There are 2 protein chains.
Amino acid sequence: MSERTKIKDIARVAGVSTATVSRALSDSALVTDATREKVRAAANRLNYRLNVRARNLRIQKSMAVLLVVRNMSNPFYLEIFKGVEAVARAAGYVLLMGNTEDDPAREAEYFDMLRDGQADGMILMTGTLPEGHAVLDPASGAPPIVVALEAVDDCGLAHVQIDNCAAAKQAVRHLASLGHRKIAHICGPLPEILSRLRRDGYRKAMAKAGLEIPRNYEPAGDYSIQSGRACCAALFDADNPPTALFAANDEMAFGAIGELRRRGLRVPEDVSVIGFDDLFVSESYSPPLTTISQPRVDIGRTAMTMLLDIIGARQSVPRTIEMQTELIVRQSTGKAPNKLEISAQ
Amino acid sequence: MSERTKIKDIARVAGVSTATVSRALSDSALVTDATREKVRAAANRLNYRLNVRARNLRIQKSMAVLLVVRNMSNPFYLEIFKGVEAVARAAGYVLLMGNTEDDPAREAEYFDMLRDGQADGMILMTGTLPEGHAVLDPASGAPPIVVALEAVDDCGLAHVQIDNCAAAKQAVRHLASLGHRKIAHICGPLPEILSRLRRDGYRKAMAKAGLEIPRNYEPAGDYSIQSGRACCAALFDADNPPTALFAANDEMAFGAIGELRRRGLRVPEDVSVIGFDDLFVSESYSPPLTTISQPRVDIGRTAMTMLLDIIGARQSVPRTIEMQTELIVRQSTGKAPNKLEISAQ
DNA sequence: TTGAAAGCGTTACCAG
DNA sequence: CTGGTAACGCTTTCAA
């Protein structure tokens, strides 16, 4: 009980060599059914368990995949984890969690782990890359990395993402179709590509609808509830308050709704609000939030599947897969208020 | 570039043995400063990186810790992950994610990983144990497992938890202090210890306040928003609707609030609602939710610290650490409505 | 203080 | 098809 049985013990008991035991246990075609059975029986009798560490050392793999996020406590990642986990598990991989807290040094450490073989692949959701890391050296071939959620420009890596720009357009079109003409956008932090893409979508859709964007209609938050509240306050403290708000994520939309309510404005009667992400609470928020839904579990699944392809070298050309988003109309958006405009034309 | 340098290469370049290289690199006291420097220099020049797999095989450790939850997409776990991660990282451990989806077979697999040395320890948050698993055999000493969040009775394992019963009492006392006398409790699924503890707290506090609990005042949900909605509906469809609701978690509280609103009842003017957990959205919910807050990050940190103690055998007696909860009064609770009661005494 | 060598438990090559 | 044996890359006795 204290000593673990190893392949050598089985060999002795079954009267074969360790090589044969290894082959029998791994379903190699190079053993007769008879010996395979014999070995299996012995292994069972001895209560044998494979030593994964030894095996991994020998086969030069870790059978682990790194999942790197910038902030572990962002609920948005959860369902992505779930999708990744399901596929990884089925393929025999374990999941290693990485959390960078937006620290480039920590991000680099995870890349080190990849280089050092502590993980066979990585799903990166930080939106950044450690510059000039050895793993990214083009000389060493396609690195086993899939960038998910957040795009990284021109990095030659595989991507799984959504069409943020198109989704943003769809959100704005929805508001415009309800008769809104004064539509503001609460942006995410603009250094991030993601935020800029959504803002671009907003701008394009506004242009297409023939709507103007006043100078102050694009306040930028940081995706937090608090910043949504602040951006909303700024919009409604100004001269020309909007009748509709498109927030770059649901949390900022929540903040905005809170602020509107504080000011005695009703949602959606006075102001319509639309979010982005469809968090698990958005459906039951009050009012239930109209938002853009991303297929999160599917993004995770797809990213992991791509990663397996790359690891298995079944595919070497880095691809970008675009997932479909969906506009979920709930009750935070409604017809534009049709009170007469008193403002000067 | 293609071949990784190993300690053998360093040994050759530095003109010492591999044993010395190993010692020098691991700061052993058994080398002179001079040779240590020489080896270090050579290692740097050759761009040496330790092969963690080989090292782990040799030292018989995996330097990994399993974090097992019953449902990976529950946002409640996030900050616990964060706390665990911080401590694990500092101690040189990596985090392996485990997701059981309430499947005992999957849970057993993670225990297998522990037994097989794929992880050196485990933080278990499923509230269950695979019965009779070898790892739990008392003969093999204190297993490197810390049960967090959800208690498991009489298992002889280390625990990090909150006093659910006391916290529930506190919630009920708060409602009673506002003048409520008809206080109902939306329970979690009663097979779970956690749910029962919170319900017991509710019962004790009600008794102490001299309040009766009508037969239908303890509907049980499953911690989902939908179930909160359903339980609330059941309460208000019945004869004797409460003026205050204590939900066993925030999600059910959200569901209840949604249902109340649907019925035209105001929170907190007509009905007060209190939750449990203090999810990240609860603060900005509308109305901001009064709830019981658990020190989640701290629970994670503490659990991981305990685990390190057990792994390092610095402590062998399984302890239970109880963390402090806090009542967060926000705006979903208010004075009991003082309209005259028409119901028969 | 250093070196030689024996593992850690597998897998995979090469003969037979 | 099977067996012997050399790796995988490191740590750690045991001697010197």
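A polar contact is taken here as a pair of N or O atoms within 3.5 Å; within protein, one atom must be able to donate a hydrogen and the other to accept it, and residues adjacent in sequence count only if both atoms are side-chain atoms. The model is predicted, with local features needing pLDDT of at least 70 and side-chain atom pairs counting only at pLDDT 80 or more, while totals for chains, interfaces and linings use all residues. Residues are numbered from 1 along each chain as its sequence is written, chains are lettered from A in the order in which they are written, and side-chain values use heavy atoms, without hydrogens and water.

With that in hand, the DNA is a good place to start. A phosphate oxygen of DNA strand D lies 2.3 Å from an N or O atom in the side chain of Y48(B), and another such pairing, at 3.1 Å, involves the side chain of T35(A) and a phosphate oxygen of the strand. R58(B) instead meets a base oxygen of DNA strand D, its side-chain N or O atom being 2.2 Å away. Around the strand there are 26 residues, of which T20(A), R23(A), S22(B), Y48(B) and R58(B) come nearest; a residue counts as near if one of its heavy atoms lies within 4 Å of the strand. Sugar or phosphate accounts for 63% of the strand D atoms within 4 Å of the protein, and bases for the rest.

By class, this surface has 11 nonpolar, 9 polar and 6 charged residues, where Ala, Val, Leu, Ile, Met, Phe, Trp, Tyr, Cys and Pro count as nonpolar, Asp, Glu, Lys and Arg as charged, and the others, Gly among them, as polar.

Turning to the domains, chain A is divided into domain 1 (2-58), domain 2 (61-162 + 295-324) and domain 3 (164-293), with bounds from an automatic or database assignment. In chain A, 11 residues of domain 2 are in contact with 11 residues of domain 3, contact meaning heavy atoms within 4.5 Å. These two domains of chain A bury about 850 Å² between them, 52% of it on carbon and sulfur atoms; buried area is the accessible area (1.4 Å probe) lost on putting two parts together, summed over both. F76(A), I162(A) and R296(A) supply 44% of the area that domain 2 buries against domain 3, more than any other three residues.
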